[in-house]
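This report describes selected internal spaces, residue environments and salt bridges of one protein model. The sequence and structure are shown first.

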Amino acid sequence: MFDFSRIVRALGLTVGIAAGAAGMGAMAAIRRPLPRISGSLPLTGLTSRAIVRRDRWGVPHISAESNADLFAALGYVHAQDRLWQMELNRRTGHGRLAEIFGPIALSSDQFVRTLGFSRVARREVDLLDDETRAIVEAYVRGVNACVEALRGRLPLEFAILGFQPRPWEVVDILVWPKIMSLNLSGNWMSELFNAHVVAAVGVERAAAIAPCYPGEAAITVPPGTAYSIHMGDAALRMAAEAGPFTGDTGGPQGSNAWVVSGRHTASGRPLLAGDPHLGLGLPGLWYAAHLEGGEFHAAGVTMPGTCGIVIGHNRRVAWGVTNAMTDNQDLYIERFHPENPDLYEWRGEWREVELVREEIVVKGQKEVVLVDVRLSHHGPIIDEVSGPESSPLRGPRDEGRRTKDQGQPASEGLVAAGPGGPSPFAADPSSHTALALRWTALDPSPALTRAVLRLNRAHDWVSFRAALSDWDVPPQNFVYADVDGHIGYALAGKLPVRERGDGQLPVPGWSGEYEWRGFIPHDGLPASLDPPGGAIVTANNRLVGPDYPYHDALHGEYANPYRAERIAALLAASDAHDARSFARIQTDVRSLPGLQLASLVADLDLADPTERGARDLLVAWDGALTPDSAAGAFYDILRYHLPRVAYAELEPLIGATAALGAFGGTPSNFYLERVLPELLARIAAAPAPERPDPWLGEGRTWSGVLREAVGRAVADLRERQGAAPARWSYGKGHSLTLRHPLGGVPALASVFNRGPWPTGGDLDTVSQNYIPRDTATGYFYNAASYRQILDPGDWDSARVILPAGQSGHPGSSHYADMAAAWRAGGYFPLLWTPEAIERHTVETLTLAAPTG
């Protein structure tokens with residue numbers, strides 16, 4: 001998920017550190033912190049014994065008598081295998097990375113402190129219900145007991161960075177999901193990019209070229225509002241600097257999940273599959289576990305540092321999850337008093353902002369860094385938009401680090417829009433405006449933890465939907481199957497109903513006309529039980545049409561429909577599906593847009609022989625985006641250049657945005673990725689590709705666009721792989737390296753990293769393997785972070801796989817032992833019955849309250 005090469009360089013973690021490790025015996029240093037996983041160990045607070053049976057794949061099967069004992073044991077086991085990852089995650093969520101990484105992490109801490117994840121999580125602690133609190137407190141006891149047991153032999157990363165973990169608290173369990181929500185919610189950056197497009201090309205042109213699903217309304221600009229091409233620059237810059245720590249949040253994030261009823265399977269029972277697509281790294285995001293005790297019996301994947309099975313099954317119910325891609329963020333342009341930056345306008349009156357001072361400790365610095373955060377009733381102020389250079393207005397960053405270019409004159413680069421005429425801000429040089437972020441993740445609510453725990457105990461469709469009523473952020477699609485033969489779909493999340501506007505652009509915050517008047521009620525969210533077709537597919541595509549009652553409120557930035565279409569076609573091809581056919585679907589790399597683009601260039605007149613050779617390869621291609629495919633290599637580069645040629649008018653804007661880093665570049669990436677269906681449809685519909693199309697502007701033709709894109713792609717590949725198209729291969733430019741946060745140190749790379757391996761697939765294939773080309777945070781690989789195939793009638797037949805392994809210790813045999821199987825489309829059994837577990841148990845650990 002993260003790329004830390006920039007961080008480790010700044011830290012000075014050089015060859016000398018690795019040499020020091022080698023001097024004391026590199027493998028001995030790595031193996032030193034391996035946890036004790038057999039025999040008996042004390043765990044204070046247990047009322048009875050907890051048994052941890054680890055199978056040959058490193059999966060713990062945890063059994064206990066009570067809820068509290070079960071989750072105390074889970075906390076202990078998580079800390080045994082993933083303590084460093086848990087520490088890094090909680091520090092990211094609290095904005096306390098600079099304490100261990102130094103000044104290079106300061107921007108990340110400032111960004112996260114401005115958003116206020118830690119402040120929100122601390123308020124949520126007081127809102128926990130008694131049952132959830134008891135489970136979380138038990139989990140924390142388990143974590144702390146393990147930390148104490150590991151004193152003197154903590155994981156290697158603690159020794160390298162030279163610090164000891166502080167005791168865990170309940171708030172630490174609640175803060176990490178906020179970062180996950182940030183990674184899955186990038187609309188605020190899309191709003192800024194849309195505003196930049198409006199400022200650059202005007203309202204009508206921006207609406208004409210904006211990516212949207214068929215039938216969706218074009219982009220609309222609030223009357224009387226103006227945008228600058230510099231709007232939000234400081235916020236994007238701060239987020240970009242935080243990117244290596246918080247992850248890439250604005251780019252395409254996908255997942256697949258589907259379920260079929262028994263009439264489409266060989267067994268006559270439902271079958272469910274899922275694979276969430278997230279950034280891959282070491283350690284991996286997920287940790288497989290099997291929990292049995294008290295009211296719980298569930299298996300699947302957990303997130304170390306949190307409680308419960310997030311994706312998987314229990315005794316009666318199985319579920320899969322995909323990101324809903326729905327919009328739960330809005331940017332409000334707040335107008336501040338020209339003489340008092342602590343007053344902002346609201347419906348003709350001045351309101352006082354809430355002021356919060358954050359103190360950030362920075363490793364290597366004596367003085368703490370002070371960050372004054374201002375909050376309107378909409379949310380935290382994340383950026384100054386406009387105002388005179390002499391303005392006393394301050395943004396979220398401490399004033400010692402503020403630069404003049406973070407605030408732009410109100411009259412620079414503004415485009416008036418809508419029937420309201422010019423913006424009053426453009427006309428009034430004394431105006432001061434700033435962006436406030438409204439986001440459901442910043443509303444204190446500990447309901448997500450409760451939702452997961454309720455899912456783990458759901459026994460039918462009604463209790464499953466009841467559990468999802470607590471799921472607020474991030475909004476997710478759920479597919480469902482149960483032992484009684486039912487299948488279903490449900491959207492879960494807290495989604496706003498706007499008084500006005502569609503959430504695609506920043507809106508005036510002073511008028512009160514664009515407020516959220518409430519949320520779509522849980523019973524009003526899309527859901528379906530036992531649909532007539534007997535199959536449900538969700539792949540981040542739009543799932544409802546204009547007949548849905550809340551259609552106008554349910555906005556989203558949905559993924560291209562290709563993965564969903566391909567899955568649906570493969571499901572329809574058989575009525576005898578089993579785990580093997582589902583596995584073939586999960587690893588399918590046939591490119592639907594690749595085949596479509598191949599047909600569109602088939603008759604393209606090309607003068608250059610290498611270009612003709614590349615075209616002929618593409619035309620003869622079967623669409624399989626495999627690592628050895630020469631045609632696939634050409635399609636990949638052509639797909640990159642085509643939207644950039646077609647959208648040439650935005651090239652300066654896209655380049656400038658990308659220069660701000662991943663958080664600046666990713667919104668433009670996502671924008672250009674989403675225009676592909678529209679481009680292909682327009683090329684296919686053009687009656688004469690050699691004739692100018694007004695949509696392209698400036699007398700441009702589609703044949704000219706295609707020729708230029710082909711020329712750029714061939715030139716690109718000539719430079720990268722030589723002049724012979726037949727010798728090109730997709731895998732030469734598309735490979736996976738599983739990277740550890742400290743693996744950016746060259747001498748430590750072989751210790752912490754695994755790979756590289758050539759891989760197939762891309763953003764639009766069912767087996768998604770997406771590597772954005774333009775990202776300032778460095779290498780980023782988005783793919784299936786977990787795959788599962790579940791049969792509700794035979795839980796022992798469950799098949800799952802992780803991209804790396806269970807352990808976070810580089811010296812463990814389970815650090816990356818699943819990587820080869822994951823790449824080859826293999827799985828391992830997620831065992832359920834005592835008999836199956838007993839056959840495959842290799843280590844047994846007993847946890848008990850200390851005696852005496």
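The text below covers cavities and pockets, then single residues, then salt bridges.

The model is predicted.

**Cavities and pockets**

A search of the whole structure gives 13 cavities of 30 Å³ or more. The largest cavity holds about 370 Å³ of space. Elements that each contribute two or more residues to the lining of the largest cavity are α10 (170–183), β6 (271–279), β10 (317–323) and α15 (447–455). Among these, α10 provides the largest share, 4 residues. In total 26 residues line the largest cavity, and Trp286, Met303, Val310, Trp471 and Pro474 lie nearest its centre. By class the lining of the largest cavity has 16 nonpolar and 10 polar residues, and no charged ones.

The second largest pocket has a volume of about 540 Å³. Its lining is made up of 28 residues, with Asp636, Ile637, Ile771, Pro772 and Arg773 nearest the centre. At least two lining residues come from each of α21 (630–646), α23 (662–674), α25 (702–721) and β28 (769–770). Helix α21 gives the most, with 7 residues. Charged residues number 9 in the lining of this pocket, next to 12 nonpolar and 7 polar residues.

**Single residues**

Trp832 sits in the loop between β32 (828–829) and α28 (834–840). Trp832 has a relative accessible area of 9%, so it is classed as buried. Beyond its neighbours within four places in sequence, Trp832 contacts His290, His297, Ala298, Ala299, His313, Asn314, Arg315, Trp795, Asp796 and Ile837. One of these partners, Ala298, is 534 residues away from Trp832 in sequence, while the C-alpha atoms of the two are 8.8 Å apart.

Ser118 belongs to helix α7 (residues 117–125). Its relative accessibility is 15%, and Ser118 therefore counts as buried. With neighbours within four places in sequence left aside, the contacts of Ser118 are Gly93, His94, Val171 and Val175.

Two cysteines can be added here. Cys146 is buried at a relative accessible area of 1%, and Cys307 is buried at 4%. The structure contains 0 disulfides.

**Salt bridges**

The count of salt bridges comes to 39. Three of them are listed below, each with the distance between nitrogen and oxygen.

| Pair | N to O distance |
|---|---|
| Arg91 and Glu99 | 3.0 Å |
| Asp372 and Arg357 | 2.7 Å |
| Glu513 and Arg500 | 3.1 Å |

Asp372 and Arg357 come from distant parts of the chain, 15 residues apart, with Asp372 in strand β15 (residues 369–375) and Arg357 in strand β14 (residues 354–360). Asp372 is partly exposed, at 33% relative accessibility.

The pair of Glu513 and Arg500 also links distant parts of the chain, 13 residues apart: Glu513 is in the loop between β22 (507–508) and β23 (516–519), and Arg500 is in the loop between β21 (496–498) and β22. Glu513 is partly exposed at 40% relative accessibility, and Arg500 is partly exposed at 36%. Arg91 and Glu99 belong to one network, joined through shared salt-bridge partners, that also includes Glu87, Arg90, Arg96, Arg166, Glu169 and Asp172.

Why is Arg91 classed as buried? Its relative accessible area is 8%, and the class of buried residues ends at 20%. Glu99, at 21% relative accessibility, counts as partly exposed.

Terms used:
Residues are numbered from 1 along each chain as its sequence is written. This is a predicted model: local features need pLDDT of at least 70, side-chain atom pairs count only at pLDDT 80 or more; totals for chains, interfaces and linings use all residues. Side-chain values use heavy atoms; hydrogens and water are left out. Buried means under 20% relative accessible area, exposed over 50%, partly exposed in between (1.4 Å probe, protein chains only). Contact means heavy atoms within 4.5 Å. A disulfide is a pair of cysteine sulfur atoms within 2.5 Å. On a 1 Å grid over the protein atoms alone, a cavity is a set of points where a 1.4 Å probe fits but cannot get out, and a pocket is an open set with protein on both sides within 12 Å along at least five of seven lines; lining residues have an atom within 4 Å of a point. Grid points are joined across faces, edges and corners, and a volume is the space filled by probe spheres set on the points. Ala, Val, Leu, Ile, Met, Phe, Trp, Tyr, Cys and Pro count as nonpolar, Asp, Glu, Lys and Arg as charged, and the others, Gly among them, as polar. A salt bridge is a side-chain nitrogen of Lys or Arg within 4 Å of a carboxyl oxygen of Asp or Glu.
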